[in-house]
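This note sets out comments on the two-chain model under review. The points below are numbered for ease of reply.

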Amino acid sequence: MAEPTQVPESYYSDLKSLQAIDFTLVELTLYLDTHPNDLDALKQFNSTAKKSAELREGFEARYGPLRQFGHSLSAYPWQWKDTPWPWQV
Amino acid sequence: MWYYEKKLQYPVRVGICNPKMAKFLIEQYGGADGELAAALRYLNQRYTIPGRVMGLLNDIGTEEFAHLEMIATMVYKLTKDATPEQLKEAGLGEHYVDHGKSVYYHNAAGQNFSMGLQSKGDPIADLYEDIAAEEKARSTYQWIINISDDPQINDSLGFLREREIVHSQRFREAVELLKEEQTKKRVF
């Protein structure tokens with residue numbers, strides 16, 4: 001049985017902000033897959049991707065790495081394997 | 001290849017132990033029109049679909065794995081504190097005997113995931129299949145929401161239901177794109 005994992009209340013609101021902006025990117029990606037010539041959507045995609053990267057950097061500084069296989073940096077000791085995993089929070 | 005991101009696509013908050021709800025939800029985990037079937041179908045079809053819509057199949061297939069993880073998280077959280085007696089009462093006695101508290105790829109009736117995946121190698125056949133599958137999954141989410149009285153679960157299920165609509169829409173556009181391409185070829 002996994003031990004109960006505690007996160008500060010701010011984790012949920014910070015995570016939700018990141019989920020919201022990354023959802024915009026998923027939605028824009030699928031839209032652009034079938035509307036590749038929509039310049040406004042493309043601009044929105046590129047600016048949203050920059051905002052997402054900034055937000056993710058702040059989130060990772062507070063709660064640890066989000067991305068696997070070297071796409072997020074780790075402090076010492078190795079943080080990637082740390083709980084909580086998404087299904088625990 | 002793929003990279004894991006250590007977050008769910010959309011929040012899944014579960015405040016109660018409700019194994020009966022988990023039994024319904026598992027339909028979208030290992031059922032015929034569930035998220036696993038969707039992910040495997042699109043990522044399999046993408047190899048032979050015309051290049052114009054390869055990216056779409058690839059990206060929707062990838063998103064389905066994020067949905068699969070959301071469903072698994074709901075099932076896990078709804079059952080993790082259940083007693084064997086509660087699981088039995090919820091109709092998960094057989095599941096418990098075979099799998100304990102593990103989540104598992106079967107449908108709401110307990111039938112193991114079946115590889116009856118539709119992948120014909122014919123672009124129109126595959127895309128119409130995908131549109132139908134998204135609409136069936138949307139219906140299933142609606143039926144589950146209709147019999148659920150858990151507002152937190154229903155919030156997450158509402159998100160997933162909306163995604164089925166968007167995927168269906170994108171697949172319909174893909175059909176039109178391929179039809180346009182075919183028409184162009186005839187003109188030349």
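In which helix of chain B does Glu64(B) lie? The residue lies in helix H4 of that chain. The remarks that follow concern a predicted model.

1. Glu64(B) and its surroundings. Glu64(B) counts as buried because 23 C-beta neighbours lie inside 10 Å, the threshold for that class being 20 or more. Setting aside neighbours within four places in sequence, Glu64(B) is in contact with Glu35(B), Ala38(B), Ala39(B) and Tyr42(B). One of these partners, Glu35(B), is itself listed by UniProt under "binding site", together with Glu64(B), in an unreviewed entry.

2. The annotated set. The full UniProt list in question is Glu35(B), Glu64(B), His67(B), Glu134(B) and His167(B), given as "binding site" in an unreviewed entry. These positions are spread over 133 residues of sequence, yet they cluster in space, with a largest C-alpha distance of 12.8 Å.

3. Glu134(B). This residue is placed in helix H7 of chain B. Glu134(B) is buried, since 23 other C-beta atoms fall within 10 Å. Residues up to four places away in sequence not being counted, Glu134(B) touches Glu164(B), His167(B), Ser168(B) and Phe171(B). Among these, His167(B) also appears in the UniProt "binding site" list, which comes from an unreviewed entry.

4. Asp59(B) at the chain contact. UniProt lists Asp59(B) as well for "binding site", again in an unreviewed entry. The residue is found in helix H4 of chain B, which covers residues 51-79. Asp59(B) is partly exposed, because 19 other C-beta atoms lie within 10 Å and the buried class requires 20 or more. Its contacts, not counting residues up to four places away in sequence, are Thr29(A), Leu30(A) and Asp33(A).

5. The interface as a whole. The contact between the chains takes 23 residues from chain B and 18 residues from chain A. On the side of chain B that touches chain A, the elements giving two or more residues are H4 and helix H8 (151-187) of chain B. H4(B) gives the most to that side, with nine residues. The residues on this side of chain B divide into twelve nonpolar, three polar and eight charged.

6. The nonpolar core. The largest nonpolar core has 38 residues, and those with the most contacts inside it are Leu25(B), Tyr29(B), Met70(B), Ile71(B), Met74(B) and Val75(B). Two or more residues are given to this core by each of helix H1 (19-25), helix H3 (35-45), H4, helix H7 (123-147) and H8 of chain B. H4(B) gives the most to this core, with twelve residues. Apart from it lies another core, of five residues, among them Ala82(B), Leu87(B), Ala90(B) and Tyr96(B).

7. Val75(B). This residue belongs to helix H4 of chain B. Val75(B) is buried, because 25 other C-beta atoms are within 10 Å. Leaving aside neighbours within four places in sequence, Val75(B) is in contact with Ala22(B), Leu25(B), Ile26(B), Tyr29(B) and Val103(B). The C-alpha atoms of Val75(B) and Asn18(B) are separated by 9.0 Å, although the two residues are 57 residues apart along the chain.

8. Val12(B). This residue is in the segment before H1 of chain B. Val12(B) counts as buried, because 23 C-beta neighbours lie inside 10 Å. Its contacts, neighbours within four places in sequence left aside, are Met70(B), Thr73(B), Met74(B) and Ser156(B). Ser156(B) is 144 residues away from Val12(B) along the chain, and the two C-alpha atoms are separated by 6.0 Å.

9. Chain A overall. The secondary structure of chain A comes to two helices and zero strands. Its radius of gyration is 16 Å, well over the 12 Å that the globule rule gives for 89 residues, so chain A is more spread out than a compact globule. The C-alpha trace of chain A spans about 50 × 25 × 20 Å along its principal axes. Buried residues make up 10% of the 89 residues in chain A.

10. Helix H2 of chain A and the annotated domain. Helix H2 (residues 39-63) of chain A has 25 residues and reaches 35 Å from its first C-alpha to its last, close to the expected 36 Å. H2(A) is hardly covered, with a count of two buried residues among its 25 residues. Gly64(A), with a positive phi near 105°, follows H2(A). In an unreviewed entry, UniProt places the feature "domain: Protein CotJB" at residues 15-88 of chain A. That span is 61% helix and 0% strand, and its end C-alpha atoms lie 14 Å apart.

Terms used
Residues are numbered from 1 along each chain as its sequence is written. Chains are lettered from A and ligands numbered from 1 in the order in which they are written. This is a predicted model: local features need pLDDT of at least 70, side-chain atom pairs count only at pLDDT 80 or more; totals for chains, interfaces and linings use all residues. UniProt positions are given in the numbering used here, feature names are shortened, and annotations may be inferred rather than shown by experiment. Helices (H or I, at least four residues) and strands (E, at least two) are DSSP runs, numbered from the N terminus. A residue is buried if 20 or more other C-beta atoms lie within 10 Å of its own, exposed if 12 or fewer, and partly exposed in between; C-beta atoms are placed from the backbone. Two residues are in contact if their C-beta atoms, placed from the backbone, lie within 7 Å. Ala, Val, Leu, Ile, Met, Phe, Trp, Tyr, Cys and Pro count as nonpolar, Asp, Glu, Lys and Arg as charged, and the others, Gly among them, as polar. The expected span of a helix is 1.5 Å times one less than its number of residues. A nonpolar core is a set of buried Ala, Val, Leu, Ile, Met, Phe, Trp, Tyr and Cys residues joined through C-beta atoms within 7 Å. The radius of gyration is taken over C-alpha atoms; the globule rule is 2.2 Å times the number of residues to the power 0.38.
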